[in-house]
Amino acid sequence: MLLSKYLAPTLKETPADAEIISHKLMIRAGMLRKVGPGIYNYLPLCFRVIKKIEEIVREEMNKADAIELLMPILTPAELWMQSGRWDVYGKELMRFSDRHDKEYALGPTHEEVITSLAGNEVKSYRQLPICLYQIQSKFRDEVRPRFGVMRAREFVMKDAYSFHANEKCLDEYYKKMYEAYSNIFKRCGLRFRAVLADSGAIGGENTHEFMVLASSGESRVISCPNDKCGYAATDETADSNIFRPEKEELKELQKVDTPNKKTIEEVSGYLKIEPYKLVKTLLYKYDGNIAAVLIRGDRDVNEIKLKKVLNANEIELADADTVSKITGCAVGFAGPVNLKNAKIIADNSVKNLLNFTVGANSTDAHFINVNYNRDFEIEKFYDIRLANKGDKCVKCGAVLEDYRGIEVGQIFKLGEKYSKSMNAVYTAEDGKLKNYIMGCYGIGITRIVAAAIEQNNDEKGIVWTLGIAPFQVIVIALGKPGSKEFQTAKEIYEELKNSGIEVLFDDRNVSPGFKFKDADLIGIPFQAIVSQKSLAGNSFEICVRKSGEKIMVDRNSIKSKLDELIRLN
RNA sequence: CGGGGCGUAGCGCAGAUGGUAGCGCGCUUGGUUCGGGACCAAGAGGCCGCUGGUUCAAGUCCAGUCGCCCCGACCA
């Protein structure tokens, strides 16, 4: 490819609206242009990277016996109503009506479509297991699209769905996918971790998210530093153990004034009590009911866990009016003692607390030396706590760490969730109709592009790893078109191209500095530089983008040296 | 949905107190340069987001409207 005839509009200046490094670099390197909020043009360089990633994904999926197909982006509302997700999915589902006022959604994921297809066409246990996948554009109407392609409203995704006759078969296939995913991210040159996660809107029981480690990541992961243990989970799911306070004699319940002291910090500072000896009483609305949720003052509630234990569709912290109605006092002084009209549950962190402090359900007052069972009743204890770094691992007891990650893939065991709701069945060996046991497996292709850049860049620009680089080599001719070095560079370019190396030739009539800067910015792994000096000394320079290393070779060894470098990387 | 900010050339921006629009980058043409974003000369490119108002006169003041960006969406 001749750069002069290509479309890679590089920029000297960073565009104003880019926040994170990958977004900045994708725009500067002429890979990405915005069309609208969360909607982008993927320019040729970016498109080549996308194609590279897709090819890796295809190879690994095919290796795992998955079969590629293509489903429509446009999906009729009936399908979503069958599964029940038309009502549950929320605003992220892009909906609209056609000229006949029929409702449709742009596919954010394709469980409904594939389950319907399988239900009609996969009729016998003899056809199972089967895994079908596609690579296509997906649509999610994000509350706030940001960070370029990291959180876009339209993006490219690989989604796969497997169908099984039993759980054991699904378990085995899940493991196979776990391996396939690990291979994919490895081949993309990413540093990643597979972590336990919440299943979110897609549903199902078991799930792992594949997280690319990056400080700009929007997800927080809690992980055990002990390699033998390997516990790692998203902050939405992570469990942890925390310290137990010392035993002590029960003291007498006492009401104290706490004028205008509402927050844990204010109360603990004012009463000179450690935050862990305060108990927060949080009033949650859930499906029309109210729950008073107790948790130690130094801890936070994990709403995902809470939603599960309440078995609720929606949970929401009660507004000030509701709080006043229930407690009879201002927000900030709610407590479990004499609290009526609310189900009282508590996090396990409250279990070992004695003589703790709570709001007194009267404005500007708290109770101290409170003890449950004696002063009030707790309906049940649960683990509804957000795990923190510094907590102890539930598996091995090591001190947990946390880091930020970009979620690039997720694998789920769906079970019968969709096959049941959509009544998708096959004929089993015993002649009876059964629902498929399903799994689903997603990878954000365009997000991988951004994640790879987040991990692989320096002050000069992008540093592609060979596996997903848009080109393997860039030939740089120093000297104007028509000069001897330009001619030689062109010959080298043709030679490399004909031998199957993916090569870009910077044949533009611009100054050397310009070419070097652009080559570095675009981040092609190897630069072959041809100058007057090279010709005179028969000593050509191959520059390795990542290390900056310069390798000098003679004219006849350029191709073999590059072959070797490409093979080794 | 709430708070903040911004809409002026393809991009980045400047345009007190109102007087009919400029800079840098990029682009075109010609010439000189050619190992780290060269230089000279000549050009092209604007419904100053949109609508209405005030005024002799509006990019500038007023009202409305649309769009984009950032922050938040919750811990008693």
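Let's start with a pair of residues in chain A: tyrosine 161 stands opposite cysteine 440 in strand E24. Strand E24 covers residues 437-444, and 8 bridges join it to strand E8, the two running antiparallel. When I say that two strands pair, I mean that DSSP finds at least two bridges between them. The names work like this: helices (H or I, at least four residues) and strands (E, at least two) are DSSP runs, numbered from the N terminus.

Before we go on, please keep in mind that this is a predicted model, where local features need pLDDT of at least 70, side-chain atom pairs count only at pLDDT 80 or more, and totals for chains, interfaces and linings use all residues. Residues are numbered from 1 along each chain as its sequence is written, while chains are lettered from A and ligands numbered from 1 in the order in which they are written.

Back to E8. What joins E8 to strand E7? There are 10 bridges between E7 (residues 130-139) and E8, and these strands run antiparallel. In that pairing, serine 137 stands opposite valine 156 of E8. As a reminder from the textbook, strands of a sheet pair through backbone hydrogen bonds, either parallel or antiparallel.

Is E8 mostly covered or uncovered? Strand E8, residues 154-164, is mostly covered, with 11 of its 11 residues buried. Buried here means that 20 or more other C-beta atoms lie within 10 Å of the residue's own; exposed means 12 or fewer, and partly exposed is in between, with C-beta atoms placed from the backbone. In a regular strand the side chains alternate between the two faces of the sheet. In E8 both faces are covered: one side has Glu154, Val156, Lys158, Ala160, Ser162 and His164, the other has Phe155, Met157, Asp159, Tyr161 and Phe163, and all are buried.

Just before E7 there is a small detail to look for. Leucine 128 and proline 129 are joined by a cis peptide bond, with omega about -5°. Proline 129 sits in the loop between helix H5 (111-121) and E7.

Now for helix H11. 11 of the 11 residues of H11 are buried, so this helix is largely enclosed by the rest of the structure. Among the buried ones are Ile445, Arg447 and Glu454. H11 (residues 445-455) packs against helix H2 (residues 44-63) at an angle of about 110°, and their axes are 9 Å apart. Those axes are lines fitted to C-alpha atoms, for helices over the stretch in contact, and angles run from 0 to 180 degrees between N-to-C directions. H2 and H11 are therefore roughly perpendicular to each other (angles of 65 to 115 degrees count as roughly perpendicular, under 35 as roughly parallel, over 145 as roughly antiparallel and the rest as oblique).

Let's step back to the whole chain. Chain A has 15 helices and 31 strands, and its C-alpha trace spans about 95 × 65 × 50 Å along its principal axes. Of its 569 residues, 40% are buried.

There is also a small sheet to find. 3 strands form an open sheet in the order E13-E19-E18, with antiparallel pairing. Its edge strands are E13 (254-257) and E18 (356-359), each pairing on one side only.

In the loop between E13 and helix H7 (264-271) you will meet asparagine 260. Its phi is near 60°, a positive value in a residue other than glycine. Asparagine 260 is exposed, with 10 other C-beta atoms within 10 Å. Asparagine 338 also has a positive phi of about 60° although it is not a glycine, and asparagine 338 counts as partly exposed, with 13 C-beta neighbours inside 10 Å.

Last stop: the RNA. Which residues come nearest to RNA strand B? Of the 49 residues around RNA strand B, the nearest are Gly332, Lys480, Gly513, Phe516 and Ser531. A residue is near a molecule or strand if its C-beta atom, placed from the backbone, lies within 6 Å of it. Helix H13 gives the most to this surface, with 8 residues. Strand E14 (279-286), helix H13 (512-522) and helix H14 (532-537) each supply at least two residues. By class, the surface near RNA strand B has 21 nonpolar, 11 polar and 17 charged residues. For those classes, Ala, Val, Leu, Ile, Met, Phe, Trp, Tyr, Cys and Pro count as nonpolar, Asp, Glu, Lys and Arg as charged, and the others, Gly among them, as polar.
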